[in-house]
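Colleague: Could you take me through one part of this model slowly, namely how the strands pair and what sits around them? I have the picture open and would like to follow along.

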Amino acid sequence: MANPIFSRSECLSTYKWGDDCYGWNYVDTDALSIKQELMPPDTAELLHYHEKASQFFFVLKGRATFTIDGEISVLKPEQGIEIKPGQKHFVSNKESSDLEFILYSTPSTKNDRINL
């Protein structure tokens, strides 16, 4: 059997989160999660951390403003950033266009998110 090819229209599942944000699950195991997420203009997630999961965000479109342990980093397309377990963080879209990124989490963040 061939390995599956993923796209927004052919993914494991879709979900809505935050303020009208969208996500597409491409890989969803206990060891690894790979998602694509879209944040409309002027949206943000809640400050949180993960006890076990490391995350890597890779920007596809727009500009992402990350706050990680109080420090702000702004990423443009084709830039990525790693967030280690225990780092308090959130991402926001302060721009006037959509933000899209790929999010890799290892292990998965299932039951490993502590909102602050």
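**Strand pairing, up close**

Modeller: Happy to. Let's begin with β6 and β9, which run antiparallel and are joined by four bridges. Please keep in mind as you look that this is a predicted model. To find the pairing on your screen, go to Phe-57, whose bridge partner in β9 is Ile-81. That isoleucine belongs to a strand covering residues 80–83, and the side chains there alternate. Ile-81 and Ile-83 point to one face and are buried, while Gly-80 and Glu-82 point to the other face and are not buried.

Now step back along the chain to the loop between β8 and β9, where you will find Glu-78. Its phi is positive, about 70 degrees, although Glu-78 is not a glycine. That deserves a second glance, because most residues other than glycine have a negative phi. Glu-78 has a relative accessible area of 68%, so it counts as exposed.

Next comes β7, and here the picture is quite unlike an alternating strand. Where do its side chains go? Ala-64, Phe-66 and Ile-68 lie on one side and Thr-65 and Thr-67 on the other, and all of them are buried, leaving both faces of β7 covered. Five of the five residues of β7 are buried, which means that the strand is largely enclosed by the rest of the structure.

What pairs with β7? One partner is β8, which runs antiparallel to β7 and is joined to it by five bridges. Another is β10, which pairs with β7 in the antiparallel sense over four bridges. Phe-66 is a handy marker for both pairings: its bridge partner in β8 is Ser-73, and in β10 it is Val-91.

Thr-65, which lies in β7 (residues 64–68), shows what the enclosure looks like for one side chain's owner. With a relative accessible area of 6%, Thr-65 falls under the 20% cut-off, so it counts as buried. Leaving aside neighbours within four places in sequence, Thr-65 is in contact with Ile-72, Ser-73 and Val-74, and also with Phe-90, Val-91, Ser-92 and Lys-94.

Follow β7 to its end and you reach the hairpin with β8, which has two residues between the strands. One thing to look for there is Asp-69, which takes a positive phi near 50 degrees. Gly-70 sits in the loop between β7 and β8 (71–75), and at 64% relative accessibility it is over the 50% cut-off and therefore counts as exposed. For a sense of distance, the C-alpha atoms of Gly-70 and Asp-28 are separated by 30 Å, with their positions 42 residues apart along the chain.

Finally, let me place these strands in a wider frame. UniProt, in an unreviewed entry, puts the feature "domain: Cupin type-2" at residues 38–102. Over that stretch the chain is 57% strand and 0% helix, and the end C-alpha atoms are 9 Å apart.

Some of the strands we have visited also help to line the largest pocket, which has a volume of about 250 Å³. Of its 17 lining residues, the closest to the pocket centre are Lys-35, Glu-37, Glu-45, Leu-103 and Arg-113. Among the elements that give two or more residues to this lining are β6 (54–61) and β10 (89–93). The lining residues divide into six nonpolar, seven polar and four charged.

Note on methods
Residues numbered from 1 in each chain as written. Predicted model: local features only at pLDDT ≥ 70, side-chain atom pairs only at ≥ 80, totals over all residues. Heavy atoms only, no water. 1 Å grid on protein atoms, 1.4 Å probe; cavity = no way out; pocket = protein on both sides within 12 Å on 5 of 7 lines; lining within 4 Å. Points joined across faces, edges and corners; volume = space filled by probe spheres on them. Nonpolar A, V, L, I, M, F, W, Y, C, P; charged D, E, K, R; others polar. Buried < 20%, exposed > 50% of the residue type's maximum accessible area, 1.4 Å probe, protein only. Pairing = 2+ DSSP bridges. Contact = heavy atoms within 4.5 Å. UniProt positions renumbered as here; feature names shortened; annotations may be inferred.
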